[in-house]
Amino acid sequence: MSTTGATADPLAALGSLPGVAESVESVRKAVDRVYGHRIMRRRSTAITSEAALRGARGSAALSGADWALEEVRRRTDFGADDEARVVGSALRLTAEAGQLLSIWRQSPLRVLARLHLVAAATPGDDVGRPRQAGESVDEPLIELPLPSADEVSGRLDGLSELVIAGSAAPALVTAAVVHGELLALRPFTSHNGLVARTAERIVLIGSGLDPKSICPAEVGHATLGRAAYLGALEGYVSGTPEGMAAWITHCGRAVELGARESTAVCEALQRGAA
């Protein structure tokens, strides 16, 4: 997202794009419904834990490891093959997200570096830092043109400045821009999709929209499907008002579906079926 010549609060300006205000309101209603469920008064910790598991499964699915939920739940070895390592990375990132909330607003780049370290879980001088000129990116499911290392550096600095400065923009807008920018840049040599979706989660939690992390957008993104996800991302990368609005509303729908998932978990717990 370029901020050249932008207003003092470019994120807030995105809230006026066609359809975005309606999406923000729809998300708020969906989140309020699950927070208002009677089971949340007694079992919110259980809902948070289940949402974390389902969110990790959804994020891994979008990165090529589409496992059944029960397979993710029962497995203990996540180093056996490529798909297992992706699922393991997603689970570690979901667990790590809540530990980084206090740092995000002061140093988002430090948080992103930490997320990449957690996702990679391997030594290497390319881990935990933005990629340098000449380094390749292992992100086979995203085939958009890859920005140069210099462009990555500049845009990451711009994104960091926006986060630190704060915005009057709705949480959905900020989360969508953080998510989209990281996918567009692919700033690390690997695990960019997993990191981007975790950063979206951090924004949604830290903004107060979903403080208990019970509305996993990753579930919604996976439910909507990889083709829709990549199509909406192309809109973001285009930078057009229509494309940006399409991406933000896509992210909004993902949050709504995450809220619906947790509502179903609440209903199951209320019936004593889970």
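Where does Ala 121 lie? Ala 121 is found in the loop between H7 and H8, in a model that is predicted, and the sections below begin with the helix that precedes this residue.

## Helix H7 and the residue after it

Helix H7 covers residues 108–120, and its end C-alpha atoms are 18 Å apart, which agrees with the 18 Å that its 13 residues should span at 1.5 Å a residue. The buried residues of H7 are Pro 108, Val 111, Leu 112, Ala 113, Leu 115, His 116, Val 118, Ala 119 and Ala 120. What covers these buried residues includes H5, helix H6 (101–104), helix H8 (149–165), helix H9 (171–185) and helix H10 (192–206).

Following H7 comes Ala 121 with a positive phi, near 50°, although this residue is not a glycine. Ala 121 has a relative accessible area of 49% and is therefore partly exposed, since exposed residues are those over 50%.

## The packing of H5 against H7

Two packed helices are described by the angle between their axes and the distance between the axes. For helix H5 (residues 82–97) and helix H7, the axes come within 8 Å and cross at roughly 145°, and the crossing in which H5 passes H7 is right-handed. On the H5 side the contact is made by Ser 89, Arg 92, Leu 93 and Glu 96, while H7 contributes Arg 114, Leu 115, Val 118, Ala 119 and Ala 120. Sorted by class, this contact of H5 with H7 holds five nonpolar, one polar and three charged residues.

## The nonpolar core around Trp 104

In soluble globular proteins, nonpolar side chains tend to be buried together. The largest nonpolar core of this model has 80 residues, of which Trp 104, Leu 112 and Trp 247 touch the most other members. Once neighbours within four places in sequence are left aside, Trp 104 is in contact with Val 111, Leu 112, Val 163, Val 178, Ala 199, Ile 202 and Val 203. Of these partners, Val 111 and Leu 112 are also among the buried residues of H7.

## Helix H10 and the loop that follows

Helix H10 has 15 residues and reaches 21 Å from its first C-alpha to its last, close to the 21 Å expected at 1.5 Å a residue. H10 is mostly covered, with 14 of its 15 residues buried. Thr 198 has its place in this helix and is buried, with a relative accessible area of 5%. Not counting residues up to four places away in sequence, Thr 198 touches Leu 93, Ala 97 and Leu 115; of these, Leu 93 and Leu 115 also take part in the contact between H5 and H7.

Just after H10, Gly 208 takes a positive phi of about 95°. Thr 198 and Lys 212 are 14 residues apart in sequence, and their C-alpha atoms are 15 Å apart in space. Ser 213, in the loop between H10 and helix H11 (217–224), has a phi near 55°, which is a positive value in a residue other than glycine. At a relative accessible area of 10%, Ser 213 is buried, whereas Ala 121 is partly exposed.

## A buried histidine between H2 and H3

His 37 is placed in the loop between helix H2 (20–35) and helix H3 (40–62). With 11% relative accessibility, His 37 counts as buried, because the cut-off for that class is under 20%. Apart from its neighbours within four places in sequence, His 37 is in contact with Cys 266, Glu 267 and Gln 270.

Note on methods:
Residues are numbered from 1 along each chain as its sequence is written. This is a predicted model: local features need pLDDT of at least 70, side-chain atom pairs count only at pLDDT 80 or more; totals for chains, interfaces and linings use all residues. Side-chain values use heavy atoms; hydrogens and water are left out. Axes are lines fitted to C-alpha atoms, for helices over the stretch in contact, and angles run from 0 to 180 degrees between N-to-C directions. Helices (H or I, at least four residues) and strands (E, at least two) are DSSP runs, numbered from the N terminus. A crossing is left-handed if the near helix is turned anticlockwise from the far one by less than a right angle, and right-handed if clockwise. Contact means heavy atoms within 4.5 Å. Ala, Val, Leu, Ile, Met, Phe, Trp, Tyr, Cys and Pro count as nonpolar, Asp, Glu, Lys and Arg as charged, and the others, Gly among them, as polar. The expected span of a helix is 1.5 Å times one less than its number of residues. Buried means under 20% relative accessible area, exposed over 50%, partly exposed in between (1.4 Å probe, protein chains only). A nonpolar core is a set of buried Ala, Val, Leu, Ile, Met, Phe, Trp, Tyr and Cys residues joined through side-chain atoms within 4.5 Å.
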